[in-house]
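Me: Please take me through this predicted model by way of questions and reasoned answers.

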Amino acid sequence: MLMAFTLYSLIQTAILCTNAIAVLHEERFLSKIGCGVDQAVGGFGDDPGVKAQILNLIRSVRTVMRVPLIIVNSVSIVLLLLFG
Amino acid sequence: MPMAAGVRTGACSPNTEGDSSPTRTGGATTAAHARDPNMRLRNTSIDGSDGSQLFDDTSGATPASQMGYKNQQAGPESAAYPGQSLLSDPMSNLAMAYGSSLASQGKEMMDKNLDRFIPISKLKYYFAVDTVYVGKKLGLLVFPYMHQNWEVNYQQDTPVAPRFDVNAPDLYIPTMGFITYILVAGLALGTQNRFSPELLGVQASSAFVWLIMEVLAVLLSLYLVTVNTDLTTIDLLAFSGYKYVGMIVGVVSGLLFGKPAYYLSLLWCCAAIFIFMIRTLRLKLLSESAAEGRLVRGARNQLRMYLTMSIAAAQPIFMYWLTCHLIR
């Protein structure tokens with residue numbers, strides 16, 4: 001009934017979620033939703049709104065976490081191969 | 001050489017002032033006595049800065065004062081102690097002095113670097129509590145209906161320490177509550193013959209992970225709704241940790257009086273923590289006018305109200321989720 005969570009499963013969840021955000025394709029998906037690079041989201045009013053905040057978050061995660069995610073994924077693949 | 005060293009030990013047997021005598025004997029080489037005053041001074045300064053000696057000298061020889069140290073002609077009374085022979089070796093004394101100075105340097109460096117990652121000074125604020133505050137806060141967590149003034153007092157832009165203001169969040173109660181919850185969970189599992197020591201670790205890490213996920217979810221939703229608030233992450237951690245008090249009350253009454261008592265007390269504590277969270281968060285999240293109870297229209301204020309409600313409603317859900325498997 002109580003899932004046996006460990007801190008390691010939390011790390012796994014974080015890695016998987018960040019991967020999911022990072023693999024969203026620009027042309028095929030994000031532009032259709034309204035989150036493309038060419039579509040200006042920068043509303044400088046004092047009320048950005050929930051959708052603008054989500055788009056900002058997605059874009060910043062993709063920009064910042066691309067390279068570290070490569071490293072982290074490689075490390076976890078190697079560890080899973082070695083230790084199961 | 002051993003004989004002279006033995007003389008030194010005889011003269012410098014442990015005194016009652018807490019200085020470690022073997023380091024004192026470190027000054028006592030058979031080399032020129034002219035070096036001895038310098039060595040002695042260096043050793044005393046190191047001893048003085050250490051504060052506490054590195055180990056207890058339990059050789060039990062007669063305590064000699066500092067005057068005795070100057071007397072280099074004292075009889076070899078404690079030359080026979082076996083442990084002293086290693087400690088009176090001058091090289092190991094030098095090494096010990098050097099090692100202790102290195103250890104204090106390393107401790108300084110670690111303290112300086114640790115402060116960058118975990119704000120130790122800010123954490124100290126959350127643990128500045130006393131018994132009266134803890135008593136009042138526990139009463140508030142279980143019965144928040146009579147309390148009138150929920151505002152946190154400020155003192156020149158910084159919140160007052162929890163010791164002086166019952167509304168300020170602290171980390172003492174959540175920490176103690178978490179540990180007590182794990183112990184009570186172990187007790188509950190033990191009464192049902194389901195206990196094993198690994199289960200304690202599983203419970204602890206599960207509850208901890210749920211706590212972290214809850215704090216992250218609240219942080220994310222606060223970011224999405226762009227609330228300009230002075231709630232820090234540690235504040236959110238403190239608020240999320242207050243539900244452990246209700247959980248402990250529920251589980252203990254369930255253990256003592258059976259299942260109906262568990263459900264009743266859990267219901268009472270869930271309602272109490274719901275009201276507590278709403279009244280506390282209302283002042284921090286909502287805008288000024290909305291916090292005073294007037295109905296303010298507008299999508300943003302509605303969103304903030306929903307956010308406060310959902311944070312408060314998540315507490316009873318977690319309370320039930322984390323304790324229902326303990327009472328069967």
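**The interface between the chains**

Me: How many salt bridges does the rule find across the interface of chain A and chain B?
Reply: A salt bridge requires a side-chain nitrogen of Lys or Arg within 4 Å of a carboxyl oxygen of Asp or Glu. In this predicted model, the number that the rule finds between chain A and chain B is 0.

Me: What share of the area buried between chain A and chain B do carbon and sulfur atoms give?
Reply: The contact involves 17 residues of chain A and 19 residues of chain B. The two chains bury about 1600 Å² between them. Of this area, the share given by carbon and sulfur atoms is 77%.

**Chain A**

Me: Which pattern does chain A follow along the sequence?
Reply: Chain A contains 3 helices and 0 strands. Read along the sequence, its pattern is α-α-α.

Me: Is A:Asn19 buried or exposed?
Reply: A:Asn19 lies in helix α1 (residues 7-22) of chain A. Beyond its neighbours within four places in sequence, A:Asn19 contacts A:Leu69 and A:Asn73. Its relative accessibility is 18%, and the cut-off for burial is under 20%. A:Asn19 therefore counts as buried.

Me: Why can A:Val75 belong to a surface patch, and what is the area of that patch?
Reply: A:Val75 is in helix α3 (residues 49-83) of chain A. Patch members need over 30% relative accessible area; A:Val75 has 46% and is partly exposed, so A:Val75 passes that cut-off. The nonpolar patch is made by A:Val67, A:Ile70, A:Ile71, A:Val75, A:Val78, A:Leu79, A:Leu82 and A:Phe83, and its area is about 820 Å².

Me: What percentage of the exposed area of chain A do carbon and sulfur atoms supply?
Reply: Buried residues account for 23% of the 84 residues in chain A. Chain A exposes about 6100 Å². The part supplied by carbon and sulfur atoms is 72%.

**The nonpolar cores**

Me: Which helix gives the most to the largest nonpolar core?
Reply: This core has 55 residues, of which B:Tyr181, B:Tyr242, B:Met277, B:Leu285 and B:Leu326 touch the most other members. Several helices of chain B each supply at least two residues, among them α9 (172-191), α10 (197-224) and α13 (259-285). With 10 residues, the helix that gives the most is α13(B).

Me: How many residues are in the second, separate core?
Reply: This second core is separate and includes B:Tyr125, B:Ala161, B:Ala168 and B:Ala238. Its number of residues is 9.

Key
Residues numbered from 1 in each chain as written. Chains lettered and ligands numbered in written order. Predicted model: local features only at pLDDT ≥ 70, side-chain atom pairs only at ≥ 80, totals over all residues. Heavy atoms only, no water. Patch = residues over 30% accessible without salt bridge, like charges linked within 9 Å, V, L, I, M, F, W, Y side chains within 5 Å. Areas by Shrake-Rupley, 256 points an atom, 1.4 Å probe, with all protein chains shown as cover. Helix = DSSP H or I, 4+ residues; strand = E, 2+ residues; numbered from the N terminus. Buried < 20%, exposed > 50% of the residue type's maximum accessible area, 1.4 Å probe, protein only. Core = buried A, V, L, I, M, F, W, Y, C linked by side-chain atoms within 4.5 Å. Contact = heavy atoms within 4.5 Å. Buried area = accessible area lost by both parts, 1.4 Å probe.
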